[in-house]
Amino acid sequence: MRVLIAHEAPAGGGGVESYLAAIMPALRSRGHQVAFLCADSRRGEGPTRLDDAAEVMSVADEGMAGAMTRVGRWSPDVCFSHNMGPLAVDEQLLATCPVVKMMHGYFGTCISGLKSHAFPAVRPCSRVLGAACLALYFPRRCGQLRPALMVDQFRWAARQQRLFTRYAQVVVASRHMAHEYARHGVDDGRLTVAPLFSTIAAAELVRTPPADPLVVFVGRMTDLKGGDILIRAAAGARAPGGRPLRLAFAGSGPAEASWRALARDRGVDAVFHGWVTGEARDRVLRSASLLAVPSLWPEPFGLVGVEAAAHGVPAVAFDVGGIGEWLRDDVSGVLVKEVGDPESLGRAMRLALEDERLARLGAGARQVAAELSLPAHLDTIERVLARAAGSARTAA
């Protein structure tokens, strides 16, 4: 197949860029021809640059008409589109070839994309996007308190939602996200769940857990990620044998200063590594006894859990969003039903850190990571792309 990958920029530091950097050469290795269309080739900062072997077309550099002319000359069988802020790009692509859209977040189903309320407490939102969301946006603190931005984001989300029926297929990473898009009008026949993967080969890793229990948090430091809940849980809990729980945070964000202060106030031994990538990130994960994912918002998937699992590190997390689809309770970690409760999270960490259980959960985590592999994901994506391309040829 001739597969056109579409994304906002050719480089970045996020999960989507890492995802595309893995699948583009993998598609090529399976015999497909791959090209890349971006909204702006000059945008995107971060350590991950997408496949340099692909032909690149840029809307900002060549203009919409010029870029689409080049797309037409390249003649893709199918487009695999990802995060795309300028929706005019997707709209133009839909007039050119079948488009398979992968939704990495709550695009078109939420004004802010956070799918959660911040007031009176952080809680997932189950509302279908509509006019009522505008009325609740400020009272529930659904996003930034900027009226003009709220209106712009609502218009963008509504425009994205109108494209749902035009995509040949919509791909999501979890059954939770499939349910979300089904509620917003994507029929089951055009919805595919393709769980994400770790690029770490689980079977090749050998790791010795630390003698003193260490619980690691990896990610952006915001209130939605629940780092304050983790610190409170660690302050009130002890590891087996009465040993105190140590924490390590890898990441950065607006909540970092308050988390540091809270750890000092509660007497929690916590180290903050800052934002880490690549081998440095792997070292942090390998150093852990346990990964904590105390997210309060409904994570679409939670890839960091699979990455830790590849190192043989089990996880403890609140049961929100798609987390329960890779964290198998008492198999690869401990799933906490009482979302936002520090005492329940503390009990779960203590339970997971029991020596015999920790070894069993570590083995279970490796098994989960081995199942959620790049080849398995790519098998699903290939079938979806081929079905979309074949349907277009039949219709023609």
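**Helices α10 and α12**

Select helix α10 (residues 303-310) together with helix α12 (residues 355-371); in this predicted model, their axes come within 7 Å and cross at roughly 115 degrees. Seen as a crossing, α10 passes α12 in a left-handed sense. Now show side chains at the contact: Val306, Ala309 and Ala310 on α10, and Ala365, Arg366 and Ala369 on α12. By class, this contact has 5 nonpolar residues, no polar residues and 1 charged residue.

**Helices α2 and α3**

Move to helix α2 (residues 59-74) and helix α3 (residues 87-94), whose axes come within 10 Å and cross at roughly 15 degrees. Angles under 35 degrees count as roughly parallel, so α2 is roughly parallel to α3. The crossing of this pair is right-handed. Two packed helices are described by the angle between their axes and the distance between the axes.

To see the contact, select Val59, Met64, Met68 and Val71 in α2, then Ala88, Val89, Gln92 and Leu93 in α3. The residues of the contact of α2 with α3 comprise 7 nonpolar, 1 polar and no charged.

**The six-stranded sheet**

Next, display the open sheet of 6 strands, which are ordered β14-β13-β12-β15-β16-β17 with parallel pairing. Its edge strands are β14 (270-274) and β17 (333-336), and each of them pairs on one side only. From one strand to the next, the twist averages 20 degrees. Strands of a sheet pair through backbone hydrogen bonds, either parallel or antiparallel.

Add helix α8 (residues 256-266), which packs on the sheet and touches β12, β13 and β14. The direction of α8 makes about 160 degrees with that of β14.

**Strand β12 and its partner β13**

Stay with the sheet and pick out strand β12 (residues 214-218) and strand β13 (residues 246-250); they run parallel and are joined by 5 bridges. Two positions can be checked directly. Leu214 stands opposite Arg246 in β13, and Val215 has Leu247 of β13 as its bridge partner.

How many residues of β12 are buried? The count is 5 of the 5, so β12 is largely enclosed by the rest of the structure. Colour the side chains of β12 by direction: Leu214, Val216 and Val218 point one way, while Val215 and Phe217 point the other way, and all are buried. In a regular strand the side chains alternate between the two faces of the sheet.

**Backbone exceptions**

Three stops concern the backbone. Most residues other than glycine have a negative phi, and most peptide bonds are trans.

- Select Phe119 and Pro120. They are joined by a cis peptide bond, with omega about 5 degrees. Pro120 is in the loop between β8 (116-117) and β9 (123-124).
- Select Arg141. It is not a glycine, yet has a positive phi of about 55 degrees. Arg141 lies in the loop between α4 (131-137) and α5 (147-162), and at 39% relative accessibility it counts as partly exposed.
- Select Asp330. This residue is also not a glycine, and its phi is positive, about 65 degrees. The loop holding Asp330 runs between β16 (315-318) and β17. With a relative accessible area of 34%, Asp330 is partly exposed.

**Gly321**

Go on to Gly321, which is in the loop between β16 and β17. Its relative accessibility is 24%, so Gly321 counts as partly exposed. What does Gly321 touch, not counting residues up to four places away in sequence? Show His176, Pro298 and Glu299: Gly321 touches these, with that exclusion applied. Then draw a distance from the C-alpha of Gly321 to the C-alpha of Gly302; the two are 8.7 Å apart in space and 19 residues apart in sequence.

**Ser344**

The last selection is Ser344, in helix α11 (residues 342-352). Is Ser344 buried or exposed? Buried means under 20% relative accessible area; Ser344 has 6%, so it is buried. Not counting residues up to four places away in sequence, Ser344 touches Val336 and Glu338. Select β17 again here to place Val336, since the strand covers 333-336.

Conventions:
Residues are numbered from 1 along each chain as its sequence is written. This is a predicted model: local features need pLDDT of at least 70, side-chain atom pairs count only at pLDDT 80 or more; totals for chains, interfaces and linings use all residues. Side-chain values use heavy atoms; hydrogens and water are left out. Axes are lines fitted to C-alpha atoms, for helices over the stretch in contact, and angles run from 0 to 180 degrees between N-to-C directions. Helices (H or I, at least four residues) and strands (E, at least two) are DSSP runs, numbered from the N terminus. Angles under 35 degrees count as roughly parallel, over 145 as roughly antiparallel, 65 to 115 as roughly perpendicular and the rest as oblique. A crossing is left-handed if the near helix is turned anticlockwise from the far one by less than a right angle, and right-handed if clockwise. Contact means heavy atoms within 4.5 Å. Ala, Val, Leu, Ile, Met, Phe, Trp, Tyr, Cys and Pro count as nonpolar, Asp, Glu, Lys and Arg as charged, and the others, Gly among them, as polar. Two strands pair if DSSP finds at least two bridges between them. Buried means under 20% relative accessible area, exposed over 50%, partly exposed in between (1.4 Å probe, protein chains only).
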